[in-house]
Amino acid sequence: MIVEGTVLRGPDFEPIEGRVVVEDGEIVSVEQASVDSSRIVLPAFVNAHTHIGDSIAKEAGGGLSLDELVAPPDGLKHRLLRAASREEKVEAMRRSIQFMRTTGTASFLEFREGGVEGVYALREAAEGIGVDPVILGRETVEAMEAADGFGASGARDGDFSRERNATASEDKLFGIHAGERDASDINPALDLDPDFLVHMVHPEPLHLDRLEDSAVPVAVCPRSNLVTGVGVPPIAELADRTTVALGTDNVMLNSPSMFREMEFAAKLADVSAREVLRMATLNGARIADLDCGVIEEGRAGKLLVLDGDTDNLAGAQDVVRAVVRRAGVGDVADVIL
Ligand SMILES: [Zn+2]
């Protein structure tokens, strides 16, 4: 397969005119050439933090606090999950994954509720769509064993050292929420030597030093944090210290469109459009050790192709800024997964 246009090549998304050649799902060459195409070719997105299990509860709970919305066991989300049938939950997740595909997402890192059954239900929902979920089971070690890792709710909810050790012994991914409401659960989360943290809205200088020393990456979810009223993460300060990736968090609260998260992050934080695009692609891939997220020879040929000549994008003076700050689902010409 040959895809032509303005190619955002490599980890710096250098725009070149040319083509990407994909064979058997792998990028075999990236060629600079004169081509007649207004398309923009970029790596498909990696959404670094989701809870798509609550796809049954989109826009429920307007005005509720974070705890009233999502705290286990009796937050609104958990009551709605208990009330829905397995079939309804699988179908709702399936629709969300299809939308992720439509909006150019190749993979997502999911904190999956519901134990082993929850992991199986998500695998079933994702079947045949082409989007690869990286599933972090919750609640039990068995869920981790059935999944790709363990996603811990947060150090204030308990001591996760048993789950952390079990995850390490299986050589799987361990992620944990930290610093969402305040700073008190950040040090205990870092003490677990996690593969990544989620949120980090409230890091103090000591935590930033620890992040830098340990090189633990952070998945930030700025739209979610704004909606739940906990503040917004200091994206530029975090990105100065470690790898930062973007996630859309609960489908209940936010559409899982990486276009929307990128635009919000870029306009919120003092970081370049290139850096934001890296947060939406390569950095999430790095957290989960995926081979997508960058257009380079030898990488997975998972590509997002935009029409640069839509009414929305025509005439844009800076292609990377246009992709990050302006583009949306209506500009998608093709998603190659
Ligand atoms: Zn979360």
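Start by selecting strands β4 (residues 39-43) and β14 (residues 303-307). They pair in the antiparallel sense over five bridges. Strands here are DSSP E runs of at least two residues, helices are H or I runs of at least four, and both are numbered from the N terminus. Two strands count as paired if DSSP finds at least two bridges between them.

This is a predicted model, in which local features need pLDDT of at least 70 and side-chain atom pairs count only at pLDDT 80 or more, while totals for chains, interfaces and linings use all residues. Residues are numbered from 1 along each chain as its sequence is written, and side-chain values use heavy atoms, with hydrogens and water left out.

**Stop 1: V41**

Pick V41 in β4. Its bridge partner in β14 is V305. Now add strand β1 (residues 2-9), which runs parallel to β4 and is joined to it by two bridges. There, V7 is bridged to V41. Four of the five residues of β4 are buried, so the strand is largely enclosed by the rest of the structure. Buried means under 20% relative accessible area, exposed over 50%, and partly exposed in between (1.4 Å probe, protein chains only).

**Stop 2: the zinc ion**

Which residues coordinate the zinc ion? Select H49, H51 and H177: each gives its NE2 atom, at 2.0 to 2.1 Å. Donors are N, O and S atoms within 2.8 Å of the metal (3.2 Å for Na, K and Ca); water is not among the atoms, so sites may look incomplete. Along the chain, the donors follow the spacing H-x1-H-x125-H. H51 sits in strand β5 (residues 45-51) and H177 in strand β9 (residues 173-178), so this pair ties together parts that are 126 residues apart in sequence. H51 is buried, at 3% relative accessible area. H177 is buried too, at 9%.

**Stop 3: helix α4**

Select residues 115-126. This is α4, with twelve residues. Its buried residues are G115, G118, V119, A121, L122, A125 and A126. Seen down the helix axis, they fall within an arc of 165° (taken from the directions from the axis to the C-beta atoms), so they line one face of α4. Show the neighbours next: these residues pack against α3 (86-102), β6 (105-112), β7 (132-137) and α5 (141-146). Contact means heavy atoms within 4.5 Å. Finish at G128, just after α4, where phi is positive, at about 80°.

Methods
Expected span 1.5 Å × (residues − 1).
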